[in-house]
Amino acid sequence: MIMETKKAKVGLDAAAIVGITFTLMGVAFLAAGITIYLSLGNRFEGAILFLYIFGGIGALFLLVGLPFVIVFINKKKRCNRLLKEGNYVMAEVSEITRNYNVRVNNRRPYIVKCAYRDGYGNVHIFKSRNILYDPSTILKDNMVKVYVDGENYKHYYMDLDEVLPNVIEH
(Lines give C-alpha, C1' and ligand atoms only; values in the text may rest on other atoms or scores of the structure.)
Protein backbone atom coordinates (compact mmCIF):
# COMPACT_ATOMS: atom_id res chain seq x y z
CA MET A 1 0.00 0.00 0.00
CA ILE A 2 1.37 3.40 -1.01
CA MET A 3 1.30 6.07 1.70
CA GLU A 4 0.15 9.41 0.33
CA THR A 5 1.76 12.49 1.85
CA LYS A 6 -0.47 15.38 2.79
CA LYS A 7 -0.09 18.63 0.88
CA ALA A 8 -0.84 21.99 2.42
CA LYS A 9 -3.73 23.90 0.90
CA VAL A 10 -2.53 27.45 0.48
CA GLY A 11 -4.99 29.55 -1.49
CA LEU A 12 -3.93 32.11 -4.04
CA ASP A 13 -4.07 35.57 -2.57
CA ALA A 14 -4.13 38.83 -4.52
CA ALA A 15 -0.35 39.24 -4.34
CA ALA A 16 0.23 35.78 -5.83
CA ILE A 17 -2.23 36.45 -8.66
CA VAL A 18 -0.57 39.81 -9.44
CA GLY A 19 2.85 38.16 -9.30
CA ILE A 20 1.89 35.32 -11.64
CA THR A 21 0.24 37.74 -14.08
CA PHE A 22 3.19 40.13 -14.17
CA THR A 23 5.71 37.29 -14.46
CA LEU A 24 3.87 35.71 -17.39
CA MET A 25 3.53 39.07 -19.13
CA GLY A 26 7.22 39.76 -18.51
CA VAL A 27 8.26 36.46 -20.05
CA ALA A 28 5.97 37.07 -23.06
CA PHE A 29 7.29 40.61 -23.70
CA LEU A 30 10.90 39.56 -23.20
CA ALA A 31 10.48 36.58 -25.55
CA ALA A 32 8.76 38.80 -28.14
CA GLY A 33 11.57 41.36 -28.02
CA ILE A 34 14.30 38.74 -28.37
CA THR A 35 12.44 36.89 -31.13
CA ILE A 36 11.82 40.05 -33.16
CA TYR A 37 15.41 41.15 -32.73
CA LEU A 38 16.82 37.78 -33.78
CA SER A 39 14.46 37.39 -36.74
CA LEU A 40 15.05 40.90 -38.13
CA GLY A 41 18.72 41.03 -37.15
CA ASN A 42 20.89 42.75 -39.75
CA ARG A 43 18.08 43.25 -42.28
CA PHE A 44 16.39 46.06 -40.37
CA GLU A 45 18.22 48.97 -38.79
CA GLY A 46 15.65 49.51 -36.03
CA ALA A 47 15.60 45.88 -34.85
CA ILE A 48 17.55 46.79 -31.73
CA LEU A 49 14.77 49.23 -30.87
CA PHE A 50 12.29 46.32 -30.63
CA LEU A 51 14.65 44.54 -28.27
CA TYR A 52 15.00 47.64 -26.07
CA ILE A 53 11.28 48.38 -25.94
CA PHE A 54 9.82 44.87 -25.62
CA GLY A 55 12.76 43.50 -23.66
CA GLY A 56 12.74 46.49 -21.31
CA ILE A 57 9.02 46.20 -20.63
CA GLY A 58 9.39 42.44 -20.17
CA ALA A 59 12.31 42.83 -17.78
CA LEU A 60 10.38 45.44 -15.79
CA PHE A 61 7.33 43.17 -15.52
CA LEU A 62 9.57 40.28 -14.46
CA LEU A 63 11.25 42.42 -11.80
CA VAL A 64 7.84 43.40 -10.42
CA GLY A 65 6.20 39.96 -10.62
CA LEU A 66 8.94 37.55 -9.57
CA PRO A 67 9.21 38.67 -5.92
CA PHE A 68 5.48 38.02 -5.39
CA VAL A 69 5.77 34.57 -6.99
CA ILE A 70 8.85 33.74 -4.91
CA VAL A 71 7.08 34.76 -1.68
CA PHE A 72 4.07 32.57 -2.59
CA ILE A 73 6.28 29.57 -3.45
CA ASN A 74 8.24 29.97 -0.20
CA LYS A 75 4.98 30.14 1.80
CA LYS A 76 3.72 26.95 0.16
CA LYS A 77 7.05 25.18 0.79
CA ARG A 78 7.06 26.31 4.44
CA CYS A 79 3.50 25.03 4.99
CA ASN A 80 4.36 21.67 3.39
CA ARG A 81 7.49 21.45 5.56
CA LEU A 82 5.44 22.19 8.67
CA LEU A 83 2.99 19.42 7.75
CA LYS A 84 5.84 17.00 7.07
CA GLU A 85 7.67 17.72 10.35
CA GLY A 86 4.47 17.20 12.32
CA ASN A 87 5.01 19.69 15.18
CA TYR A 88 1.54 20.90 16.05
CA VAL A 89 -0.55 22.37 18.83
CA MET A 90 -4.25 21.79 19.38
CA ALA A 91 -6.10 25.11 19.13
CA GLU A 92 -9.74 25.69 19.95
CA VAL A 93 -12.03 27.25 17.35
CA SER A 94 -12.94 30.64 18.79
CA GLU A 95 -14.65 32.38 15.88
CA ILE A 96 -15.88 31.79 12.35
CA THR A 97 -16.33 35.02 10.46
CA ARG A 98 -16.47 36.44 6.97
CA ASN A 99 -13.35 37.94 5.44
CA TYR A 100 -14.57 41.33 4.26
CA ASN A 101 -11.19 42.12 2.69
CA VAL A 102 -11.78 39.56 -0.09
CA ARG A 103 -14.55 38.94 -2.57
CA VAL A 104 -14.64 35.82 -4.78
CA ASN A 105 -17.41 35.60 -7.40
CA ASN A 106 -19.22 38.37 -5.54
CA ARG A 107 -19.21 36.32 -2.31
CA ARG A 108 -17.23 36.91 0.86
CA PRO A 109 -15.26 33.85 2.02
CA TYR A 110 -15.11 32.67 5.63
CA ILE A 111 -12.10 32.34 7.91
CA VAL A 112 -11.75 30.25 11.04
CA LYS A 113 -9.95 31.77 14.02
CA CYS A 114 -8.48 29.49 16.66
CA ALA A 115 -6.93 30.23 20.03
CA TYR A 116 -4.11 28.37 21.76
CA ARG A 117 -2.73 29.06 25.23
CA ASP A 118 0.95 28.16 25.55
CA GLY A 119 2.78 27.08 28.70
CA TYR A 120 3.64 30.69 29.57
CA GLY A 121 -0.02 31.78 29.63
CA ASN A 122 0.17 33.62 26.29
CA VAL A 123 -2.84 33.24 23.98
CA HIS A 124 -2.00 32.80 20.29
CA ILE A 125 -4.70 33.52 17.69
CA PHE A 126 -4.40 31.71 14.35
CA LYS A 127 -6.37 32.51 11.19
CA SER A 128 -7.19 29.96 8.50
CA ARG A 129 -7.10 30.29 4.75
CA ASN A 130 -10.21 31.58 3.01
CA ILE A 131 -13.06 29.07 2.78
CA LEU A 132 -15.81 29.64 0.23
CA TYR A 133 -18.61 28.13 2.36
CA ASP A 134 -19.79 28.53 5.94
CA PRO A 135 -17.97 25.80 7.90
CA SER A 136 -19.73 26.43 11.23
CA THR A 137 -22.44 23.79 10.79
CA ILE A 138 -20.21 21.02 9.43
CA LEU A 139 -17.16 21.14 11.71
CA LYS A 140 -16.39 17.65 13.02
CA ASP A 141 -14.52 18.93 16.07
CA ASN A 142 -13.94 22.17 17.95
CA MET A 143 -10.18 21.52 18.22
CA VAL A 144 -7.91 22.04 15.20
CA LYS A 145 -4.30 21.01 14.60
CA VAL A 146 -2.12 24.04 13.97
CA TYR A 147 1.32 23.09 12.71
CA VAL A 148 3.93 25.49 14.06
CA ASP A 149 7.61 26.12 13.42
CA GLY A 150 9.07 25.17 16.80
CA GLU A 151 8.54 28.02 19.24
CA ASN A 152 8.02 30.51 16.39
CA TYR A 153 4.24 30.79 16.18
CA LYS A 154 4.41 33.39 13.38
CA HIS A 155 4.90 30.59 10.87
CA TYR A 156 1.99 28.18 11.05
CA TYR A 157 -0.42 26.10 9.00
CA MET A 158 -3.96 25.40 10.22
CA ASP A 159 -5.03 21.94 9.06
CA LEU A 160 -8.77 22.37 8.50
CA ASP A 161 -8.95 19.23 6.36
CA GLU A 162 -9.03 17.07 9.48
CA VAL A 163 -12.09 18.81 10.95
CA LEU A 164 -14.00 19.58 7.76
CA PRO A 165 -15.58 16.95 5.50
CA ASN A 166 -14.86 16.90 1.77
CA VAL A 167 -17.37 19.45 0.40
CA ILE A 168 -18.53 19.28 -3.21
CA GLU A 169 -20.52 22.30 -4.31
CA HIS A 170 -22.95 21.87 -7.25
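## Exercises on a predicted model

Asn 105 sits in the loop that connects β1 (88–98) with β2 (110–117); helices (H or I, at least four residues) and strands (E, at least two) are DSSP runs, numbered from the N terminus. Before you start, note that this is a predicted model, in which local features need pLDDT of at least 70, side-chain atom pairs count only at pLDDT 80 or more, and totals for chains, interfaces and linings use all residues. Residues are numbered from 1 along each chain as its sequence is written, and side-chain values use heavy atoms, with hydrogens and water left out.

**Exercise 1. Describe the backbone and the exposure of Asn 105 and Asn 106.**

Step 1: Begin with phi. For Asn 105 the angle is near 50 degrees, a positive value in a residue other than glycine. Asn 106, in the loop between β1 and β2, also has a positive phi, near 65 degrees.

Step 2: Turn to accessibility, where buried means under 20% relative accessible area, exposed over 50%, and partly exposed in between (1.4 Å probe, protein chains only). Asn 105 has 73% and counts as exposed. Asn 106 has 64% and counts as exposed.

**Exercise 2. Work out how β1, β2 and β3 pair, and what surrounds His 124.**

Step 1: Two strands pair if DSSP finds at least two bridges between them. The antiparallel strands β1 and β2 are joined by six bridges, and Ile 96 has Val 112 in β2 as its bridge partner.

Step 2: β2 and β3 also run antiparallel, with five bridges. Their hairpin has five residues between the strands, and Gly 121 there takes a positive phi near 90 degrees.

Step 3: Find His 124 in strand β3 (residues 123–127), where this histidine is the bridge partner of Tyr 116. Among the residues that His 124 touches, not counting those up to four places away in sequence, are Cys 114 and Tyr 153; contact means heavy atoms within 4.5 Å.

**Exercise 3. Which residues does Arg 81 meet in salt bridges?**

Step 1: Apply the rule: a side-chain nitrogen of Lys or Arg lies within 4 Å of a carboxyl oxygen of Asp or Glu. The count comes to five salt bridges.

Step 2: One partner of Arg 81 is Glu 85, with the closest N and O atoms 3.4 Å apart. Both residues belong to helix α2, four residues apart, about one turn of the helix.

Step 3: Arg 81 also meets Asp 149 in a salt bridge (3.5 Å, N to O). Because Arg 81 lies in helix α2 and Asp 149 in strand β4 (residues 143–149), the pair ties together parts 68 residues apart in sequence.

Step 4: Check exposure. Glu 85 is partly exposed at 44%, as is Arg 81 at 32%, and Asp 149 at 23% counts as partly exposed too.

**Exercise 4. Place the salt bridge between Asp 161 and Arg 129.**

Step 1: The closest N and O atoms of this pair are 3.4 Å apart. Asp 161 is in the segment after β5 (152–159) and Arg 129 in the loop between β3 and β4, so the bridge ties together parts 32 residues apart in sequence.

Step 2: Widen the view. Lys 9, Arg 129 and Asp 161 are joined into one network by salt bridges that share partners.

**Exercise 5. Locate Ile 73 and describe its exposure.**

Step 1: Ile 73 belongs to helix α2, and its relative accessibility of 39% makes it partly exposed.

Step 2: Compare positions along the chain and in space. Ile 73 and Ala 16 are 57 residues apart along the chain, while their C-alpha atoms are separated by 9.0 Å.
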